[in-house]
Amino acid sequence: MDDWAIGVFASVDAGLGVKWDVISELGLPTIQLHAPHQGQRSAADAEKLKQQLDQMGVQCTAVFGGFEGESYADIPTVVQTIGLVPQASRESRFREMCEISDFSKALGCDTIALHLGFIPEDSSDPQYDAVVAITAKLCDYCNENGQFLHLETGQETAEGLIEFIAAVGCSNLKINFDPANMILYGTGEPIEALRLLAPHVRSVHCKDGTWSDQPGKTWGCEVPLGQGDVNIEAYLKTLHEIGYSGPLTIEREIPEDPERQKAEIGGAIELLSRLRSEILG
């Protein structure tokens, strides 16, 4: 795969991510995949999907887990519903991530990823050790499948994430760095965070956003790539500085307006292609 191969976040069954037919229209070499719904994750489903991707000349670089009952309606709802942090659903979601790991292995993909949820900031919080333990358990399961587990940035500060990764202590635990999420959640300046997290970054999103007037309390606003506060040129230059050569995966969620979504992804492809050639030469 070429350095900085451009990709898009996609979905088989129109969950998060662009619909399947858009992938071939865009003609991109890589995707990250939102895991198919339960009931569509058998080895046979994976094999069929693998054949489709091979025919399209597309490589799946990560499979993202998501769960029933999750909601990004506002930041307090995210705290209550997202990832493996909520206690009531933790074990069932862990089993589902193991199923996604098996599906990914059958697909020939060495990476699964997720939003872990709001890890308690205080490591003495009684839930902190429980979240560390379930994450280590999932890393062990991934390791047996020859896989990495990527945590998407957003809900934690860079410092908090470094502390958490050290507490888990598994070499296959890495980061999917999303610069816009740092802004949308109000958790830190993305370029600074990227430098701090550099040793752990193994995949990235290319997404843009603007700060909320109450960072950390209310959402910032997601905007087309290059029109927000990330500073995409500085972001790519920093990725180059830290030696990141993996895919640049565009994420633009506008499921209610697929035509606008496709147009804005097209604009993102043009912008990334130009910056890629300027920076990489």
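**Exercise 1.** How are helix 6 and helix 8 oriented to each other: roughly parallel or roughly antiparallel?

*Solution.* This is a predicted model.
- Step 1: locate the pair. Helix 6 covers residues 158–168, and helix 8 covers residues 190–197.
- Step 2: take the angle. The two pack at about 20°, and their axes lie 9 Å apart.
- Step 3: apply the cut-off. Angles under 35 degrees count as roughly parallel.
- Step 4: conclude. Helix 6 and helix 8 are therefore roughly parallel to each other.
- Step 5: add the handedness. The crossing of helix 6 past helix 8 is right-handed.

**Exercise 2.** Find which residues of helix 6 and helix 8 meet, and sort them by character.

*Solution.*
- Step 1: list the helix 6 side. A158, E159, L161 and I162 take part.
- Step 2: list the helix 8 side. A193, L196 and L197 are their partners.
- Step 3: sort. Six residues of this contact are nonpolar, none is polar and one is charged.

**Exercise 3.** Describe how helix 2 packs on helix 4.

*Solution.*
- Step 1: locate the pair. Helix 2 spans residues 43–56, and helix 4 spans residues 90–107.
- Step 2: read the geometry. The angle is about 40°, with the axes 8 Å apart.
- Step 3: classify. That angle makes helix 2 oblique to helix 4.
- Step 4: give the handedness. Helix 2 crosses helix 4 in a right-handed sense.
- Step 5: name the residues. Helix 2 contributes A43, D45, A46, L49, K50 and L53, while helix 4 contributes F103, A106 and L107.
- Step 6: sort. The contact of helix 2 with helix 4 holds seven nonpolar, no polar and two charged residues.

**Exercise 4.** Helix 4 also packs on helix 5. Work out the orientation and the make-up of that contact.

*Solution.*
- Step 1: read the geometry. The axes of helix 4 and helix 5 (residues 126–144) come within 10 Å and cross at roughly 20°.
- Step 2: classify. Helix 4 and helix 5 are therefore roughly parallel to each other.
- Step 3: give the handedness. Helix 4 makes a right-handed crossing with helix 5.
- Step 4: name residues. Among them are F94, M97 and C98 of helix 4, and V131, I134 and L138 of helix 5.
- Step 5: sort. The contact of helix 4 with helix 5 has nine nonpolar, two polar and four charged residues.

**Exercise 5.** Decide how compact the whole protein is for its length.

*Solution.*
- Step 1: count elements. The protein has ten helices and ten strands.
- Step 2: compare. Its radius of gyration is 18 Å, close to the 19 Å the globule rule gives for 281 residues, so the protein is as compact as a globular protein of that length.
- Step 3: give the box. Along the principal axes, the C-alpha atoms fill roughly 50 × 45 × 35 Å.

Terms used. Residues numbered from 1 in each chain as written. Predicted model: local features only at pLDDT ≥ 70, side-chain atom pairs only at ≥ 80, totals over all residues. Heavy atoms only, no water. Axes fitted to C-alpha atoms, helices over the stretch in contact; angles between N-to-C directions. Helix = DSSP H or I, 4+ residues; strand = E, 2+ residues; numbered from the N terminus. Parallel < 35°, antiparallel > 145°, perpendicular 65-115°, else oblique. Left-handed = near helix turned anticlockwise from the far one by under 90°. Contact = heavy atoms within 4.5 Å. Nonpolar A, V, L, I, M, F, W, Y, C, P; charged D, E, K, R; others polar. Rg over C-alpha atoms; globule rule 2.2 N^0.38 Å.
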